[in-house]
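Biologist: I am new to this structure and should like to be guided through it. May we proceed by question and answer?

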Amino acid sequence: MWVEYYPTGEMTGDFFMKPLQGAAFLKFQDQILNVNKDDLKQQQMLNVADE
Amino acid sequence: VSHLFQVNTTNPKKLDKEMGDMFHQNVAKLLFLCKWARLDLQMAVAFLCTRVKDPNTDDYKKLARAMKYLYVTKTLPMRLEADNSGLVSWWIDGSFAVHPNMKSHTGGTMSLGKGSPYSTSKCQKINMKSSMEAELMVVDDVIPQIIWSKNFLEAQGYIVNDNVVFRKLNSWL
């Protein structure tokens, strides 16, 4: 095992230890769930349909 | 969002027995969900779990917000992919004294390529005197899982060449 430095803006662990919002939240959400643009489009269309 | 860890201690309106039970039940349901498919809810649920004994209306609003988020993102999938590098990556970090009892919070996640098969978000068990100590406590919290995951993956026939832990605190390195 080894330890490496990782910059704050890229630290995925931040998602689980402090409340994020906006672009940072979406960025890490995409990384953790590994969602793609099609998934997000489908969800947006469903939300519009619900409204 | 930024006031997630803030608790109203000056003039809290406590939930009655019926609402309190409902709050507890829904947090338990979210707890199940956030460990399986909705890791993005894990930190909010970790906080709500600390409030089930004595919830107030502010906590209820936070639960409602989590439920709304879940509703508008209900079709989001979770995809896990493993590459052939044999490298298990861990990102771990902590925030100092964010809880009302001045305890710190541990957060960490692992990846075998894409997606996150395991992640953790929890309040630390003991109080720390500095952010430096909190960071060390994060390692203490997560290291057993790092070792266990390596052993588990090897027992499943997956070749683990090494673990890499990503940190952002230079002084810890």
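Modeller: Let us begin with a term: contact means heavy atoms within 4.5 Å. Please bear in mind throughout that this is a predicted model.

Biologist: Which strands of chain B does helix α2 (residues 42-49) lie across?

Modeller: Helix α2 of chain B runs at about 35° to β5(B). The two strands that helix α2 of chain B lies across are β3 (105-111) and β5 of chain B.

Biologist: What pattern does chain B follow along the sequence?

Modeller: Chain B has 4 helices and 6 strands. Its C-alpha atoms fill a box of roughly 55 × 40 × 25 Å, taken along the principal axes. Read along the sequence, these elements of chain B give the pattern α-α-α-β-β-β-β-β-α-β.

Biologist: In what order do the 5 strands of the open sheet come?

Modeller: The pairing in this sheet is mixed, and the twist averages 20° from one strand to the next. At the edges, each pairing on one side only, are β1 of chain A and β5 (118-123) of chain B. The order is therefore written from one chain into the other, with strands counted as paired if DSSP finds at least two bridges between them: β1(A)-β6(B)-β2(B)-β3(B)-β5(B).

Biologist: Which residue of β6(B) is the bridge partner of A:E4?

Modeller: β1(A) pairs in the parallel sense with strand β6 (residues 162-167) of chain B, over 4 bridges. Strand β2 (residues 87-95) of chain B also pairs with β6(B) in the parallel sense, over 5 bridges. In β6(B), B:W91 has B:F166 as its bridge partner, and the partner of A:E4 is likewise B:F166.

Biologist: How much area do chain A and chain B bury between them?

Modeller: The size of an interface is often given as the accessible area lost when the parts come together. Here 32 residues of chain A are in contact with 50 residues of chain B. Of the area buried between the chains, 62% is on carbon and sulfur atoms, and the total is about 3400 Å².

Biologist: Which three residues supply 21% of the area that chain A buries against chain B?

Modeller: No other three residues supply more of the area that chain A buries against chain B. The three are A:F16, A:M17 and A:L33.

Biologist: Which side chains meet in a salt bridge across the interface of chain A and chain B?

Modeller: The rule finds 1 salt bridge across this interface, out of 10 over all chains. The separation is 3.1 Å, N to O, and the side chains that meet are those of B:K168 and A:D14.

Biologist: Which element gives the most to the side of chain A that touches chain B?

Modeller: Across the interface, 14 residue pairs are in polar contact. β1 (2-5), α1 (22-33) and α2 (37-50) of chain A each supply at least two residues of the side that touches chain B. The residues of that side divide into 17 nonpolar, 10 polar and 5 charged. With 6 residues, the element that gives the most is α2(A).

Biologist: How many residues apart are B:D21 and B:K17?

Modeller: B:D21 and B:K17 form a salt bridge, with the closest N and O atoms 2.8 Å apart. Both lie in helix α1 (residues 17-36) of chain B, where about one turn of the helix separates them: 4 residues.

Key:
Residues numbered from 1 in each chain as written. Chains lettered and ligands numbered in written order. Predicted model: local features only at pLDDT ≥ 70, side-chain atom pairs only at ≥ 80, totals over all residues. Heavy atoms only, no water. Buried area = accessible area lost by both parts, 1.4 Å probe. Salt bridge = Lys/Arg side-chain N within 4 Å of Asp/Glu carboxyl O. Polar contact = N/O pair within 3.5 Å; in protein donor to acceptor, adjacent residues only side chain to side chain. Nonpolar A, V, L, I, M, F, W, Y, C, P; charged D, E, K, R; others polar. Axes fitted to C-alpha atoms, helices over the stretch in contact; angles between N-to-C directions.
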